[in-house]
Amino acid sequence: MPQPMPDSKARWLHRGRLRDLVVALCLVSALVCPRDTAMLVVALVLFTAGCLLHVLVKGQLIRNVTLCTEGAYSIVRHPYYLANYLVDISFCLLSGNVYLVLLYPFLFYWAYGPTFAEEEALLASMHPADFEAYRASVPQVFPTSNLLSGLRSLGQGFSWLRISAKEVKRVFRFGFLAALLILAQEVGLSGLQDLTAGRNPLKTSTTILLGVSLACLVVSVAIPRRKA
């Protein structure tokens, strides 16, 4: 989809700031909120789906040239933002904070609602007849009854050549944050206090999580930028 109009980031809670807010709340919550195995499994499934959808959509997007209606774009009009939703809600689940999980959908629409309106107004001006028909037949950001039929052609129009280094870096940053949240849950507030005081050594599982988190961070920083 085209880039949002310049005044999008003038809002207090825009889509760029939303993830910073969510990550900060999740990190604090992960230190004090319990999380069961079911939440962990669901979170990891949603996280994986969100990361894969990020890459898939970028490989199908032909920005500002044509109206994308194939692949993921045949299921929802804003699949990239759906990918963001899946990643962020997985972070909320990893934090163990049920209230944050319930609050996030409202924060999402607060941050993204104006962006949807801006981008769709631009698309309507660029592709008036085609976009109106597309908007009438495809839901905005969450799949409906068209999901199963859309999955059959999910990879249509995908090209690895459209995947930029920036997108790969972004996915590894997601991995860093997910591992960091699981690490925070593993350690907890009391464990963090013990570690900072040097009273308890790191457990094996904690060391592995720390290594995964740092590895994802190092890779995301090391990947050189290149144009899509």
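## An all-helix predicted model and its salt bridges

Read from one end of the sequence to the other, the protein follows the pattern α-α-α-α-α-α-α-α, with eight helices and zero strands. The model is a predicted one, and the values below are computed from it. Of the 228 residues of the protein, 46% count as buried, and among the contacts with a separation of 6 or more, 82% are accounted for by residues 24 or more positions apart. The protein exposes about 11800 Å², of which carbon and sulfur atoms supply 68%.

### Salt bridges

The structure holds five salt bridges, including the three listed here.

| Pair | Closest N to O distance |
|---|---|
| R19 and D88 | 2.8 Å |
| R77 and E120 | 2.9 Å |
| R135 and E120 | 3.6 Å |

R19 forms a salt bridge with D88; R19 lies in helix α1 (residues 15–32) and D88 in helix α3 (residues 79–95), so the pair ties together parts that are 69 residues apart in sequence. Both partners are covered: R19 is buried, with a relative accessible area of 16%, and D88 counts as buried at 1% relative accessibility.

The side chains of R77 and E120 also meet in a salt bridge, and this pair links distant parts of the chain, with R77 in the loop between α2 (37–60) and α3, and E120 in helix α4, 43 residues apart. R77 counts as buried at 6% relative accessibility, and E120 counts as buried at 5%.

E120 is met by R135 as well, in a further salt bridge; because R135 lies in helix α5 and E120 in helix α4, this pair ties together parts that are 15 residues apart in sequence. At 31% relative accessibility, R135 counts as partly exposed. Salt bridges that share partners join R77, E120, E132 and R135 into one network.

### The loop between α4 and α5

H127 has its place in the loop between α4 (98–126) and α5 (128–137). With a relative accessible area of 15%, H127 is buried, and, not counting residues up to four places away in sequence, H127 touches V65, T66 and L67.

### A nonpolar patch on the surface

On the surface, L210, L214, L217 and V221 form a nonpolar patch, with about 320 Å² of accessible area together. One of these residues, L217, is found in helix α8 (residues 204–222), and L217 counts as partly exposed at 31% relative accessibility.

Notes: Residues are numbered from 1 along each chain as its sequence is written. This is a predicted model: local features need pLDDT of at least 70, side-chain atom pairs count only at pLDDT 80 or more; totals for chains, interfaces and linings use all residues. Side-chain values use heavy atoms; hydrogens and water are left out. Helices (H or I, at least four residues) and strands (E, at least two) are DSSP runs, numbered from the N terminus. Buried means under 20% relative accessible area, exposed over 50%, partly exposed in between (1.4 Å probe, protein chains only). Contact means heavy atoms within 4.5 Å. Accessible areas come from the Shrake-Rupley method with a 1.4 Å probe; for residues, only the protein chains shown count as cover. Patches are made of residues with over 30% relative accessible area and no salt bridge: like charges are joined within 9 Å, nonpolar side chains (Val, Leu, Ile, Met, Phe, Trp, Tyr) within 5 Å. A salt bridge is a side-chain nitrogen of Lys or Arg within 4 Å of a carboxyl oxygen of Asp or Glu.
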